[in-house]
Amino acid sequence: MSTLAVHAEGVWKIFNEGAANEVTALSDVSIDVGKGEFVSLIGPSGCGKSTLLRVIADLIPSTRGTVAVAGMTPHEAREKHQYGMAFQQAALLDWRTVRRNVELPLELAGWDKEKRKARALELLEMVQLQDFAEHRPWELSGGMQQRVAIARSLATDPEILLMDEPFGALDEMTRERMQNELLRISKATGTSVVFVTHSIPEAVYLSNRVVVMSPRPGRITHVVSVDLRDRNEDTRESDAFFESVTAVREALRGRVAPVGEGGARLAETS
Amino acid sequence: MKGRLNAVWPPVLLGAIFLIAWQALVVVQDIKPYLLPAPSLIFTTFTSNLSLMLATGLYTATTAVLGLVLGTLVGILFAMVAQRFFVFRNLMIPVAAGIAAVPIVALTPILNNMFDITSRTPRVLITAIVVFFPIFVNVYRGLTEVPAVQLELLRSLSATPRTVLRVLRIPNALPFFFTGLKVAAPLAVIAALVAEYFGGPQEGLGSKIASSAANTAYGRAWAYVVVAIILGLAFYLITLLLERVTTPWAGRTRSA
């Protein structure tokens, strides 16, 4: 158990349970994410992928089921800054400089000023924004803002990165560059990533496994293992890449038989 | 700099044309000063009584500043309590609306009786009541209208409500506060001036305008009106300056 970054078993999320407007957002979802593994959640709107991410992050409670994050309850994991989170919007604070935005998680974790500053500069160097440390967020482009948000999510050196369509608002060119950067960073830091996306090529390019979800009720229908060796610009044009893209697309269309009970267990895919 | 000059000259030109037309109208039509004094008369009265004008303006300005500070502090306090405690929220918004509906003209004589009429107190209180509402409404909005994603971010970082207030809600509310203050500051001058019409110390612009008019010193009455206008503008401009200095991010495209 302790070797898993995320372990979810039989998770249900039912909004307004018992009321007339009851919605089942997650139905018996099980998923394991190994240490250092990159897992994408993909599916149409309303399939519960963001809900699942929020349950893992303890932003909302699950209705039933067990969730463990870095071997702890999601609540403990949140309190102990075990995960970093990035959203579709960069969500930077306009009144803080870029550096002070990156420092925010450290500030809340009680780091002292000098250590905070050093760590933030180190992170900004990693996302290649060291020259913009004292700039204000609004002076940066969308892609740069998102890089600041990623630097911020890595500030406390968390074991797990939870990302909710972080590149969804970026143009295609920037998006591909950001994907390369994220791969480089997650590899360098050994961080496990749970990545929510709408984009099939993005999911395939980034992930070790792509978890395909379907709506009404939100559940896991397929898990596609992706085996691409060194991922670089050539990978995007390789046959193996297209094969995986096709496999995910077929799964999304429901053309292949869904996985049985148990969902996206690590054992079944390795 | 050139752009700024381009923004300045149209209103200045318009003002000059207006004053010349006014002067011409008074001279050509031979309008009596009790109907409409000429700008030249107002100007000479203003310059020849400069120290009196200054002292009178300063008295009203002091009342306005005291009322502005008091009303602002109470407005911020109420907004923070309303944001933090759900129970108070539904209670305070109607109360605030009620305070906004208070007719200050009617309330002034009552407050003059309740408090020492010979003091400045009732005037400051009137001003504070007028100031309260725009500050309360705007600060409350600024504290509550926080982007949902930023709240989620802070929750993911295990921030306590107090931390959320400090790192997110208060900075978020600052531009809103200045929006309120830009309304409240000139309003404070008007309220302080109007409050002087209802008895009490014969100091301040309101008292002097009333007594000058009663003594057929129309030029002087109008000169005091000019002081009141300058005062209102000064309050507005000081607020604008404070806003520029403290919230440089306001009005920028939000990165959220």
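Trainee: Are the residues on the two faces of strand 7 of chain A buried or exposed?

Mentor: A residue is called buried if 20 or more other C-beta atoms, placed from the backbone, lie within 10 Å of its own, exposed if 12 or fewer do, and partly exposed in between. In this predicted model, where local features need pLDDT of at least 70, side-chain atom pairs count only at pLDDT 80 or more, and totals for chains, interfaces and linings use all residues, both faces are covered, with A:S192, A:V194 and A:V196 buried on one side and A:V193, A:F195 and A:T197 buried on the other. Residues are numbered from 1 along each chain as its sequence is written, and chains are lettered from A and ligands numbered from 1 in the order in which they are written.

Trainee: Which strands pair with strand 7 of chain A?

Mentor: Strands (E, at least two residues) and helices (H or I, at least four) are DSSP runs numbered from the N terminus, and two strands pair if DSSP finds at least two bridges between them. Strand 3 (residues 38-42) of chain A runs parallel to strand 7 and is joined to it by five bridges, with A:S40 opposite A:F195. Strand 6 (residues 160-164) of chain A also pairs with strand 7 in the parallel sense, over five bridges, and there A:L162 stands opposite A:V194.

Trainee: How many residues of chain B are in contact with chain A?

Mentor: Two residues are in contact if their C-beta atoms, placed from the backbone, lie within 7 Å; here 18 residues of chain B are in contact with 19 residues of chain A. Helix 7 of chain B gives the largest share of chain B's side, six residues.
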